[in-house]
Amino acid sequence: RAVIGAALLGALTTAPASAATASPSVTAPAAAVIETSTGTVVFSKNGSQERGMASTTKLMTALVALDRRPLDSVLTASNYRPTAAETRLGLHSGERMTLADLVRAMMLPSANDAAQTVAQRTGGSVARFVQLMNQRAKEEGLTHTRFTNPVGLDSGAHHTSAIDLARIGALAFDNPFLRATVRRRSITLTSGDMTRTLVNRNTTLGVKLPGGGVINGMKTGHTNRSGYALVGSATRGGVTVVSVVLGDPSEAARDADTVKLLRWASGIFQRKQVVREAAPVARVAVEHGKADGVQLVTQASLTRVVPRGEPVTLQQVGVPGVLQAPIRAGTKAGSARVLVDGKLVGTVPLVTAAAVEKQSLPAAVLSAIGDHWQGALVALLLILSGTLTLVRARSTRLARTSRTSTRSATPPAEPAERTTA
């Protein structure tokens, strides 16, 4: 089926937005941005290059743990021996804390002892938990990601890429608990008689972006070998983008790159109704109906996250060339594929906009005559001519038969009687 024309599309789409500005320049040696609902990569600078990820590792640690244990699970602290430079919560041996609070400590101040406890108590051992992390990475198709520990310490085999890490960030943002956690600036935890106030290390939180957008996540990381890393997120008009910078030389550069990327990317997409309900799409012929055709319309509206200003087109699929009456309103008759910038974003069923009753027999005959009057007239004349010929032939045969029958029924005359003198 042909693509629906521009005149119809005007009723289905909004006016194109102005073209997006050029992509920003960032200091980080590797960076990426994706739109979370579609997974579209909208920015990549060495996006597939494998690099150290530092404490952004804990995003996967949290995802694996939350998949395996409920938030109110109570875990006993591991006997973790951090180096002097590591960030830690200060868990005491045997201290008990819920998984929810341990994850909060992992996400905000990036506590390594909290991550170690979560891994050991959830996986049975740290080594087993790391296997689960790598299994999840494989399931998600993260071909440039490998974990050797749950906290983010550097090792030669512990690496990710900016695009892979952005996809991990999108998975984390899709988790309601993590989404609520990473946007908090601080939180107070209570364990027994001990109270701890934790402060989020992500200082880009709350930065306002054009169009009503705001930065609302997600996770920092730093080691001397890997440099400064940040997985950021921003939401504008129901659209969320996730950014990643890896290997920045300073916190200031990390934050500036993140704000720059999210400011730019948050204006690329919009959530909009690409097709409205009952939008006319095609007209199909109807046979034996009181109407000679019926309009096909979309059965439902369709809302999607799409790039701003990109054209929307529809393609008919399985639409019949003709329908037979009677037809009820709302009868399904094919579908329409919805394409944005040539890419499929959804399919909408097509239905008849009105009912079409079947014609009565006399009306059908008159309609047929009206549609084919020349042929019908010739046929009628031939029929009349043939009928008249048959009537005349029959009349002639009957007349002959009658005369013959009359002669046969008359008796012969008797001879005259002779007399003699």
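Two strands count as paired if DSSP finds at least two bridges between them. I want that rule at the top of the page, since my first lookup was strand 13 against strand 18 (residues 343-352): the two pair in the antiparallel sense over 3 bridges. I also note that this is a predicted model.

**Entry 1: the whole protein**

I began with the totals. The protein has 421 residues, and 44% of them count as buried. I found 10 helices and 18 strands listed for it. Next I looked up how far apart in sequence the contacting residues sit. Taking contacts with a separation of 6 or more, 64% are between residues 24 or more positions apart. The protein exposes about 21,700 Å², and carbon and sulfur atoms supply 53% of that area.

**Entry 2: the sheet around strand 13**

In what order do the strands of the open sheet of 6 run? I wrote down 15-17-18-13-12-16, with mixed pairing. The edges are strand 15 (312-317) and strand 16 (322-324), and each of these pairs on one side only. From one strand to the next, the twist averages 35°.

Then I went back to strand 13 (residues 293-298). How many of its 6 residues are buried? The count is 5, so I can call strand 13 mostly covered, buried being under 20% relative accessible area. Towards strand 18, I picked out one bridge: Thr-298 has Leu-350 as its partner.

On the other side I checked strand 12 (residues 280-287). Strand 12 and strand 13 run antiparallel and are joined by 5 bridges. Here Val-284 stands opposite Val-294. The two strands form a hairpin with 5 residues between them, and in that hairpin His-288 takes a positive phi near 60°.

Does strand 12 pair with strand 16 in the parallel or the antiparallel sense? It is parallel, over 3 bridges. I found Val-286 of this pairing opposite Leu-323 in strand 16.

A note to self while scrolling along the strands: in a regular strand the side chains alternate between the two faces of the sheet.

**Entry 3: Val-41**

I moved to Val-41, which is found in strand 2 (residues 41-45). Is Val-41 buried, partly exposed or exposed? Its relative accessible area is 33%, and because that lies between the 20% and 50% cut-offs, Val-41 is partly exposed. Leaving out residues up to four places away in sequence, I listed what Val-41 touches: Val-33, Ile-34, Ile-163 and Arg-167. I also looked up Val-242, which is 201 residues from Val-41 in sequence but 9.7 Å from it in space, C-alpha to C-alpha.

**Entry 4: the largest pocket**

How much volume does the largest pocket have? I noted about 470 Å³. There are 22 lining residues, and the closest to the centre are Ser-55, Ala-85, Thr-87, His-222 and Thr-223. Which element gives the most to the lining? That is strand 8, with 4 residues. Strand 8 spans 213-223, and helix 8 (251-265) likewise supplies at least two residues of the lining.

**Entry 5: helix 2**

Last, I checked helix 2 (residues 58-68). Helix 2 is mostly covered, with 9 of its 11 residues buried. The buried residues include Lys-58, along with Leu-59, Met-60, Thr-61 and Ala-62. Further along helix 2, I also have Leu-63, Val-64, Ala-65 and Leu-66 down as buried.

Methods. Residues are numbered from 1 along each chain as its sequence is written. This is a predicted model: local features need pLDDT of at least 70, side-chain atom pairs count only at pLDDT 80 or more; totals for chains, interfaces and linings use all residues. Side-chain values use heavy atoms; hydrogens and water are left out. Axes are lines fitted to C-alpha atoms, for helices over the stretch in contact, and angles run from 0 to 180 degrees between N-to-C directions. Buried means under 20% relative accessible area, exposed over 50%, partly exposed in between (1.4 Å probe, protein chains only). Contact means heavy atoms within 4.5 Å. Accessible areas come from the Shrake-Rupley method with a 1.4 Å probe; for residues, only the protein chains shown count as cover. On a 1 Å grid over the protein atoms alone, a cavity is a set of points where a 1.4 Å probe fits but cannot get out, and a pocket is an open set with protein on both sides within 12 Å along at least five of seven lines; lining residues have an atom within 4 Å of a point. Grid points are joined across faces, edges and corners, and a volume is the space filled by probe spheres set on the points.
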